[in-house]
Amino acid sequence: MANHVYKLVEIVGTSTTGSDDAIRNAIETAAKTIRRIDWFEVLETRGHVANNKIEHFQVTLKVGFRVED
């Protein structure tokens, strides 16, 4: 197994459906410009409430991607 070096970035995903969709939206969108994403970690989960209902979910992620040799 080769040694790897990783870079970390924080991104925020949102969704009106749920936190899982917010995570997927964040990763799929980030993957359009960041290559070799290998893992993520959820740092925070927040939401917006209006009229006593959840309107939006917002999830902050730490994303690790492999630095190319």
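This passage describes three paired strands and some of the residues they carry. The model is predicted, so local features need pLDDT of at least 70 and side-chain atom pairs count only at pLDDT 80 or more, while totals for chains, interfaces and linings use all residues. Residues are numbered from 1 along each chain as its sequence is written, and side-chain values use heavy atoms, with hydrogens and water left out.

A good place to begin is strand β3, which covers residues 53-66; strands here are DSSP runs of E with at least two residues, numbered from the N terminus. Strand β2 (residues 37-50) pairs with β3 in the antiparallel sense over twelve bridges, and β1 and β3 also pair in the antiparallel sense, over ten bridges. Pairing requires that DSSP find at least two bridges between two strands. The hairpin of β2 and β3 has two residues between the strands, and N51 takes a positive phi near 55 degrees there. Further along, T45 stands opposite V59 in β3.

T60 lies in β3 and is the bridge partner of V12. With a relative accessible area of 6%, T60 is buried (under 20%, against over 50% for exposed and in between for partly exposed; 1.4 Å probe, protein chains only). Leaving aside residues up to four places away in sequence, T60 touches E10, I11, V12, E41, V42, L43, E44 and R46, where contact means heavy atoms within 4.5 Å. The side chains of T60 and R46 also make a polar contact at 3.0 Å (a pair of N or O atoms within 3.5 Å; within protein, one must be able to donate a hydrogen and the other to accept it, and residues adjacent in sequence count only if both atoms are side-chain atoms).

In strand β1 (residues 6-15), L8 is partly exposed at 44% relative accessibility.

Key. Helices (H or I, at least four residues) and strands (E, at least two) are DSSP runs, numbered from the N terminus.
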